[in-house]
Amino acid sequence: MKPDLSVTLGSLRLRNPVMSASGTFGYGLEFAPFYDISRLGAIVVKGLSLAPTPGNPPGRIVETASGMLNAIGLQNIGVERFIEDVAPRLADAGATFAANIYGRTVEEYEEVARRLSGLPSLAAIEVNASCPNVKEGGIAFGSSPEGISRLTGRVRNATDKPLWVKLSPNVSDIGSVALAAEGAGADAVSLVNTLVGMAVDHRTRRPKLSNVTGGLSGPAIKPVALRMVWEVCRRVKIPVIGIGGIQTAADALEFLLVGASAVQVGTANFRNPGVCVEILEGIEAFLREERMSGLGEYRGKLVL
Amino acid sequence: MPSSRMRTAAGRIVRNEGHGEIFYRLEVALPEPVEFVPGQFAMVSGWPGNDPLLPRPLAIFRSAAGPKGKSSVEFVYKVVGRGTALLSGLHPGDPLSLTLPLGRGFDLGKEGRLYWLVGGGVGFSSVFPAAAALARRRAEFEMFLGSRTRDQLPPKEWTPGGSAPGRIHLCTEDGTSGFFGRVTDAVRERMGSLSASEASRLTILSCGPTEMLKGLALAAADRGVEMQAALESHMACGFGVCWGCVVALREDGKISYRRVCREGPVFDAREVVW
């Protein structure tokens with residue numbers, strides 16, 4: 001029997017728990033040459049702002065041991081062009097998709113959310129409360145429970161779409177931030193965004209990124225992400241979406257095991273454009289092998 | 001039929017040999033043949049482990065269609081860091097992951113034009129396929145190849161064009177072979193002898209270090225000569241989703257960041273903010 005891979009995130013049912021992480025999957029259509037993008041649980045598109053954003057000057061990425069730093073600066077086409085040009089094509093492709101959003105002010109977040117709310121094909125809105133690379137990228141709101149509570153509450157009132165809040169790991173107590181998001185009406189929390197890091201050249205004496213600091217991602221951050229997801233799962237009742245260094249089905253299963261309802265795959269897409277589907281197939285194969293009928297039998301069953 | 005469709009491919013190394021001082025030639029067997037435009041590239045990885053994490057962008061040097069499973073693609077690379085060092089340690093028979101063909105290559109579309117192909121350092125790996133394509137259609141071209149010293153010029157037997165390779169100008173910074181000086185200076189000198197009508201027919205196709213491309217772009221702009229430059233950049237994905245590899249372009253008086261992997265790697269040199 002084919003195991004049931006579907007997952008429930010509040011009112012939203014996804015065909016499986018494998019999503020792409022925002023900022024690593026473009027607007028989704030870029031992956032259509034590699035596989036049928038409707039196979040994914042959901043595509044989370046690159047962060048959208050009210051107006052198109054040019055992003056940071058070059059010197060945007062650098063590789064580090066088992067990871068990479070990026071300081072893209074949220075370059076994007078803006079919410080209007082997404083609604084007009086991209087969303088219909090994603091819908092035509094049969095894809096389930098969520099929009100990651102950010103603003104320079106709370107009002108801008110509200111406005112982007114309001115505009116997206118009229119898009120019937122949109123499955124959810126993910127609030128980026130945690131981009132470390134632009135001053136206005138949400139980090140100002142995302143680093144305290146009070147800030148998250150205010151931002152989440154305001155966006156909540158602006159949209160009826162399922163609302164996910166993407167959390168920063170660059171905080172001292174991520175559990176409290178997650179609780180604040182839950183209290184303010186989030187339907188789910190997704191974590192972690194990138195860890196703030198830095199790389200310099202000891203000969204030229206300069207930083208390797210034009211932005212000086214950037215966000216660390218990739219397998220290097222997986223243990224940190226896993227711990228935070230585990231911690232948050234014990235604090236909140238809403239679903240948790242696990243993100244951070246997932247490259248294989250085993251990585252994804254680890255996040256599900258500590259309590260995540262779904263996962264997002266990020267940097268691994270750069271390395272292998274087909275990785276999301278490989279992970280999806282790997283999870284299915286694992287359930288068959290373990291003779292489980294669905295993910296419910298496995299999720300959160302960490303043996304302590 | 002060879003396909004120019006972007007795809008991922010499981011390759012197997014046929015050869016991976018060092019030549020001269022610094023260049024490696026890598027030939028990879030592919031399940032399906034690949035058709036490419038000179039200047040297009042592949043993302044290549046195959047070393048074990050996560051360090052480095054990301055594949056390396058390599059210009060496609062040659063491709064050949066063969067019977068089932070016997071098609072191949074070739075690259076020329078220089079060891080510049082950990083990734084290429086690990087790549088150079090792989091052996092025939094080892095598996096290699098590729099995504100290809102990627103980006104927008106040189107525009108060789110115009111008949112009746114005169115082409116100068118300029119390659120600096122390992123930049124010849126993008127320029128030679130363009131020369132091969134021009135030679136096939138008997139277009140008029142000259143090639144300028146520059147390096148620091150004689151031993152770092154591309155091996156003679158790799159030069160495309162068979163018995164009629166067009167006119168080749170070798171340049172070394174230390175004067176050990178050909179023109180004594182930078183390739184940019186050789187191009188400038190040769191440009192001095194062009195008539196206005198020749199200059200208007202000329203297109204420069206170039207690949208090499210940024211300083212070289214910048215110098216060429218200035219020289220070309222001085223004479224109103226068209227120039228296409230194949231740029232290099234640090235890339236995470238190579239197919240347009242990470243937005244990490246951008247270059248600043250001046251378009252309609254405005255600065256925009258364009259992806260080297262998608263809108264490039266070949267750009268109109270007049271638009272690049274050098």
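Helices (H or I, at least four residues) and strands (E, at least two) are DSSP runs, numbered from the N terminus. Residues count from 1 along each chain as its sequence is written, and chains are lettered from A, with ligands numbered from 1, in the order in which they are written. The model is a predicted one, so to speak of local features takes a pLDDT of at least 70, side-chain atom pairs count only at pLDDT 80 or more, and totals for chains, interfaces and linings use all residues.

How sure is the predictor? The model comes with an ipTM of 0.93 and a pTM of 0.95. For chain B the average pLDDT (the predictor's confidence in each residue, from 0 to 100) is 92, and 97% of the residues reach at least 70. Confidence in chain B bottoms out in helix H4 (residues 196-201), with a mean of 91, and peaks in S15(B), at 98.

Now for the sheet in chain B. Seven strands line up in the order S10-S9-S8-S7-S11-S12-S15 to give an open sheet with mixed pairing; two strands pair if DSSP finds at least two bridges between them. At the edges sit S10 (179-180) and S15 (266-268) of chain B, each pairing on one side only. Further in, S7 (residues 114-120) and S8 (residues 140-147) of chain B run in the parallel sense, joined over seven bridges. Trp116(B), for instance, has Glu142(B) in S8(B) as its bridge partner. Helix H5 (residues 210-222) of chain B packs on this sheet and touches S7, S11 (202-207) and S12 (226-230) of chain B, while its direction makes about 170° with that of S12(B). Axes here are lines fitted to C-alpha atoms, for helices over the stretch in contact, and angles run from 0 to 180 degrees between N-to-C directions.

H5(B) also has a helix for a partner: H3 (residues 183-192) of chain B packs with H5(B) at about 15°, the axes 9 Å apart. That angle makes H3(B) roughly parallel to H5(B), a label for angles under 35 degrees (over 145 is roughly antiparallel, 65 to 115 roughly perpendicular, and the rest oblique). Residues in contact, meaning that their C-beta atoms, placed from the backbone, lie within 7 Å, include Val187(B) and Met191(B) of H3(B) and Leu216(B) and Ala219(B) of H5(B). By class, this contact has six nonpolar, two polar and one charged residues. Nonpolar covers Ala, Val, Leu, Ile, Met, Phe, Trp, Tyr, Cys and Pro; charged covers Asp, Glu, Lys and Arg; the others, Gly among them, are polar.

Next, the two chains together. In this pairing, 27 residues of chain B are in contact with 29 residues of chain A. On the chain B side, S1 (7-19), S6 (95-102), S13 (246-251) and S14 (254-259) are the elements that give two or more residues, and S13(B) gives the most, with three. That side has 15 nonpolar, nine polar and three charged residues.

Finally, some backbone oddities. Most residues other than glycine have a negative phi, and most peptide bonds are trans. Leu191(A) and Val192(A) are joined by a cis peptide bond, with omega about 10°, and Val192(A) lies in the loop between S10 (188-191) and S11 (195-198) of chain A. Another cis bond runs from Gly264(B) to Pro265(B), with omega near 10°; Pro265(B) is in the loop between S14 and S15 of chain B. Leu74(A), a residue other than glycine, has a positive phi, near 60°, and belongs to the loop between S6 (67-70) and H1 (79-92) of chain A.

Notes: Contact = placed C-beta atoms within 7 Å.
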